[in-house]
Amino acid sequence: MKMKKSSTVILTIVAIVIAVYTLFPFFLVLLNSTKKATDIVANPVSFAGSSISQLMENINKVVTNSNFNFWAAFGTSAVITVVSLALLALFGGMAAWVICRNKTKWSTVIYMTFIASMIIPFQVVMLALISTFRDVGNFIGIKMLQSIPGIVFAYCGFGGAMTVFILTGFIKGIPYELEEAAAIDGCSPEGTFFRIIFPLLKPVITTVTILNGMWIWNDYLLPSLMLGQNGPVKTLPVAVQAFVGSYVKQWDLILTAALLAILPMIILFIFAQKQIINGMVEGAIK
Amino acid sequence: MASISFKNVTKMYEGAKTAVVPNLNLEIADKEFIILVGPSGCGKSTTLRMIAGLETITSGELYIGDRLVNNIPPKDRDIAMVFQNYALYPHMTVYNNIAFGLQLRKVDKAEIDRRVHEAAKILDLDHLLQRKPKQLSGGQRQRVALGRAMVRDPAVFLLDEPLSNLDAKLRTSMRSEITRLHRRLDTTFVYVTHDQTEAMTMGDRIVVMKDGIIQQYDTPQVLYDTPDNLFVAGFIGSPQMNFLDAQIEEKGGKLYAVVEGEGTSRILIPDAKVNALKPYVGKTVILGVRPEHFMADEKLTADNGLRVKVDFRELLGAEYNLYVFSGENKVIVKMPSTEKLPEGEEITIAVNTPLMHFFDKETEKAIVH
């Protein structure tokens, strides 16, 4: 009994340390977005100069800044994230279903290719990616760089492997008899996917949507390469660059813009917390 | 019309060396309740799935009614199927589960509603229509699966071990419900099970299968009274038939089955069986006696006794199963619980000789019943 109690205390301490370690950067962003640039530079962990009115002033400056163009960047980020997530869920689900149910030598090879692609770091492919996208864009006549369709296509590729991997594991647990029952009831293969399989994927799609969503929304490197720092289309993390000059960094505005950028994710987490955790647990055991 | 006809049907899986179902010929009449029974891996489920169109046919022809259905997809075969694990759509309510097939066939909404409520009423599901499958018990889920098949009004009803996930009590009650359903729907039922009790109690005719080959296809009574071979004799009946090696001896113009076990037991073979067994005089055959075909002490005569050693008994209420040994052979004897047969002692029990079965030891085929 005593041992159990002491191990609980140790676990609690470890959990607190991890929580502090994880939340500290967020705390710094939150704290310093309520301060003036001079106060931030003087001492970034001090509460001196911090006030709600300063936060409001900073927000106002960020939102109305013509270089930053907050609402356009927000809209671009939202469109890219939502469309990428929808396509990932749809095509990831289809691919996982076919890989699971059509057991051939080729389906195994394709599945293994998906898995293998997960271990290749993005930095290895990023330069080749840009030139390939430029060439492909020129070839098919659709602008792939500095365009929303181009980056959505890239996200579908980079997110596809993990999506297929997680969904395949889940689909394996769905009894095949459901599909046979649907076939007898009169469903076509497409009908079986959309009417039976896809609705059953809801919990695990929630999980992959959260994982992919956080990554796509917050991603800086891929959009900065594909959309460019000065291109016509910018996501929120790329647009924050507007406050970074060669000689002057407007830390108050940078951090306030960062706060505004992560806010939708935090709000989403607060409202969908229960479903996210359910989805993760269900995905893990099925 | 929904008769089913297998003509030289073979099913072989890709890469396999032997066929799961080799050259099957089977005629199922319209409105019949047929049971496919046999041990695991005997090909009964594969046969059912071929009717459903869920398995392709390697060679041969399969007809439903007059229509060759080899290449017709499941949805166009006018069949409905109940699966062992129910296969209810978890994200749909009971109502939508039952209505799904009709909705896909674009049946009028009012008609769907009428049929769903009618099926729900018959299956006592009317108060559960808005629930999801996970909120139902095993028996209720099974009834939803039946309802889903019923509303389609199919020409053939296929059931793949539908009761094996239920507890013993529920299985007994569902058994009678399915039999009643067959009478009400008056359509062809093909039912797969490995449980011989279900086979005996439900079917008009039973197909006993082993290694993909039909061992016997007849009514439950015929299968019980006159099994074609050792496998059918052992499979039908519970507890199963006892088998003992017996030498056929002729003495004074009469034939005897001589069993060497606890000493030598000499059992007189009734006149009706003598002709069939004459060619076996001096040879060893297999004597089959059902546990219920042993008799109480007062019926014991000098010519019908089998000497055995009592091992233990299992009380079932009105009767008990007596486990005895005849030499090294285990024998089960059914006796009324009023009979007092002491455990551990050697006794002689009476055999109901007109009900003895004899099988050829080499071919395992029945010689005479």
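Here is a walk through this predicted model, from the meeting of its chains to a few unusual spots in the backbone.

Let's start where the two chains touch. On one side, chain B brings 17 residues into contact, and on the other, chain A brings 13. If you want to find the chain B side, look at strand 6 (79–82) and helix 2 (94–104), the elements of chain B that each give two or more residues to it. That side of chain B has 12 nonpolar residues, along with three polar and two charged ones.

Now hop over to chain A and find helix 5 (residues 105–118) and helix 7 (residues 148–172). Their axes come within 8 Å and cross at roughly 125°. That angle is neither over 145 degrees nor in the range from 65 to 115, so helix 5 and helix 7 of chain A count as oblique to each other. The crossing of these two chain A helices is left-handed. Which residues meet there? Helix 5 of chain A puts in Y111(A), F114(A), I115(A), S117(A) and M118(A), and they meet A161(A), M162(A), V164(A), F165(A) and T168(A) from helix 7 of chain A. Sort the residues of this contact by class and you get eight nonpolar, two polar and no charged.

Back in chain B, the domain assignment gives two pieces: domain 1 (4–235) and domain 2 (242–368). Their C-alpha centres are 39 Å apart. The two domains of chain B do touch, with five residues of domain 1 in contact with seven of domain 2. On the domain 1 side, that makes three nonpolar residues, one polar and one charged.

A few backbone details in chain B deserve a look too. Most peptide bonds are trans, and most residues other than glycine have a negative phi. Against that background, the bond from S238(B) to P239(B) is cis, with omega near -10°. You'll find P239(B) in the loop between helix 8 (230–235) and strand 11 (242–251) of chain B.

Then there are two positive phi values in residues that aren't glycine. One belongs to D78(B), with phi near 60°, in the loop between strand 5 (67–68) and strand 6 of chain B. Is D78(B) buried or exposed? It has 17 C-beta neighbours inside 10 Å, so D78(B) counts as partly exposed. The other is K106(B), where phi is near 55°; look for K106(B) in the loop between helix 2 and helix 3 (109–122) of chain B. Because K106(B) has 9 C-beta neighbours inside 10 Å, it counts as exposed.

Key:
Residues are numbered from 1 along each chain as its sequence is written. Chains are lettered from A and ligands numbered from 1 in the order in which they are written. This is a predicted model: local features need pLDDT of at least 70, side-chain atom pairs count only at pLDDT 80 or more; totals for chains, interfaces and linings use all residues. Helices (H or I, at least four residues) and strands (E, at least two) are DSSP runs, numbered from the N terminus. Ala, Val, Leu, Ile, Met, Phe, Trp, Tyr, Cys and Pro count as nonpolar, Asp, Glu, Lys and Arg as charged, and the others, Gly among them, as polar. Axes are lines fitted to C-alpha atoms, for helices over the stretch in contact, and angles run from 0 to 180 degrees between N-to-C directions. Angles under 35 degrees count as roughly parallel, over 145 as roughly antiparallel, 65 to 115 as roughly perpendicular and the rest as oblique. A crossing is left-handed if the near helix is turned anticlockwise from the far one by less than a right angle, and right-handed if clockwise. Domain bounds come from an automatic or database domain assignment. A residue is buried if 20 or more other C-beta atoms lie within 10 Å of its own, exposed if 12 or fewer, and partly exposed in between; C-beta atoms are placed from the backbone.
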